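Here is a predicted model, shown for a close look at one part of it. Take a moment to turn it around before reading on.

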Amino acid sequence: MLGSVANRRLLTPRTLRDALRMLDAEGPLVPMAGCTDLYVSLNFGTLKGTNFLNLWELDELRTIAVTGGVLSVGALCTYTSIIKSRTTQARVPMLVAAAREVGGPQIQNRGTIGGNIANASPAGDTLPVLAAAGATILVTSVRGERRVPFVEFYTGYRRSVLQHDELITAVEFPAIRGRQWFRKVGTRAAQAISKVVMAAVDTGHDSAPRIAIGSVAPTVVRLPRTEAALGSGASVADAQGILLDEIVPIDDVRSTAEYRRRVAANLLASFWNERGRR
Ligand SMILES: Cc1cc2nc3c(=O)[nH]c(=O)nc-3n(C[C@H](O)[C@H](O)[C@H](O)COP(=O)(O)OP(=O)(O)OC[C@H]3O[C@@H](n4cnc5c(N)ncnc54)[C@H](O)[C@@H]3O)c2cc1C
């Protein structure tokens with residue numbers, strides 16, 4: 001291991017209020033949830049920061065609840081808790097499908113949805129789900145709460161609107177009407193980072209679907225022109241052509257741009273063609 005835990009400081013608040021106070025008064029602090037991404041950085045010797053804020057004791061960020069028709073999933077909810085929750089199963093099955101494909105059971109037991117969002121990887125598996133669902137990120141600091149539409153959360157590759165004194169505290173999902181769909185393509189069925197990951201909602205025959213895709217651009221993206229084309233009756237082949245204009249995949253250690261383009265187009269066809277079978 002290249003990194004070391006020596007000379008690093010860890011603060012462990014027991015309440016969200018204390019956590020926010022520490023972030024404000026004792027920062028800069030790096031929030032630490034399940035540590036599944038942070039530990040990889042430590043291992044590679046790229047972990048930035050020496051002072052950490054351990055969120056793991058904050059049970060108030062583990063709630064899954066529906067209020068006024070809106071589903072709130074606390075930032076510290078692990079993939080395992082999302083998979084097991086009857087509420088997420090009933091309301092956001094595409095999130096459950098994504099959670100089942102993250103890492104393996106060890107990662108699912110520790111990794112959190114808040115960590116996936118804050119880590120800001122374009123390959124994060126829950127992120128296309130949040131984009132297709134029209135989710136909102138609840139962000140909290142000593143200054144108060146603010147709600148950021150998920151599609152406005154990222155400002156560029158691994159950059160977001162989150163400030164140093166803010167925590168992600170929950171993700172909110174409106175009621176989703178229509179068929180939900182999720183597909184991940186990686187090297188293996190488990191323990192593989194996505195080469196391409198897509199989530200979509202088919203909202204019915206007279207309206208455009210909502211489609212989001214990861215690993216093909218600096219951030220997870222919605223595909224507004226592809227959505228509009230399908231919604232107005234374009235053929236799948238025409239929509240695939242538009243999709244290829246809307247994505248900018250790159251060659252990297254996990255895949256080639258060309259393979260990603262082909263897979264993205266195939267996933268779009270799978271999603272849309274399954275429509276007729278229902
Ligand atoms: C073996 C392995 C397999 C993996 N497989 C996948 C996979 O298939 N799909 C996938 O998407 N990811 C995968 N990951 C990445 C990782 O597991 C996920 O991104 C996970 O959701 C991170 O959550 P965490 O709680 O562990 O975050 P942490 O590692 O604790 O934190 C990650 C980042 O988020 C910040 N952060 C965490 N919580 C908050 C918060 N509430 N507010 C503000 N900032 C916060 C931290 O400061 C840090 O920058 C894998 C990782 C490993 C090691």
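What follows is one request about a single strand, and one connected answer.

Q: Please take me slowly through strand β10 (residues 167–173). Which strands does β10 bridge to, and is β10 buried or exposed?

A: Happy to. The model is predicted, so to speak of local features a pLDDT of at least 70 is needed, side-chain atom pairs count only at pLDDT 80 or more, and totals for chains, interfaces and linings use all residues. Residues are numbered from 1 along each chain as its sequence is written, and side-chain values use heavy atoms, with hydrogens and water left out.

Let's begin with the sheet. It is open and has 5 strands (DSSP E runs of at least two residues, numbered from the N terminus), in the order β4-β5-β10-β6-β7. The pairing, which takes at least two DSSP bridges between two strands, is antiparallel. At the edges sit β4 (64–67) and β7 (144–149), and each of these pairs on one side only. Neighbouring strands in this sheet are turned by 25° against each other on average, with direction ignored; the axes are lines fitted to C-alpha atoms.

Now look at the two sides of β10. On one side, strand β5 (residues 70–74) is joined to β10 by 4 bridges, and the two run antiparallel. One of the residues to find there is Gly74, whose bridge partner in β10 is Ala170. On the other side, 5 bridges join β6 (residues 136–141) to β10, again in antiparallel fashion. Here Ile137 has Val171 as its bridge partner in β10, while Thr136 is matched with Glu172.

A helix (a DSSP H or I run of at least four residues) also comes into the picture. Helix α1 (residues 16–25) packs on the sheet and touches β6 and β10. The direction of α1 makes about 130° with that of β10, where angles run from 0 to 180 degrees between N-to-C directions and helix axes are fitted over the stretch in contact.

How enclosed is β10? Of its 7 residues, 7 are buried, so the strand is largely enclosed by the rest of the structure. Buried means under 20% relative accessible area, exposed over 50%, and partly exposed in between (1.4 Å probe, protein chains only).

Glu172 is a good residue to zoom in on, and its place is in β10. Glu172 counts as buried because its relative accessibility is 13%. Its side chain makes a polar contact of 2.8 Å with the side chain of Arg147; such a contact is a pair of N or O atoms within 3.5 Å, where within protein one must be able to donate a hydrogen and the other to accept it, and residues adjacent in sequence count only if both atoms are side-chain atoms. Leaving aside neighbours within four places in sequence, Glu172 is in contact (heavy atoms within 4.5 Å) with Val70, Leu71, Ser72, Ala135, Thr136, Leu138 and Arg147.

To finish, step across to Thr140, which is found in β6. Thr140 counts as buried because its relative accessibility is 7%. A polar contact of 2.8 Å links the side chain of Thr140 to that of Thr169. Beyond four places in sequence, the contacts of Thr140 are Leu20, Glu145, Asp165, Glu166, Leu167 and Thr169.
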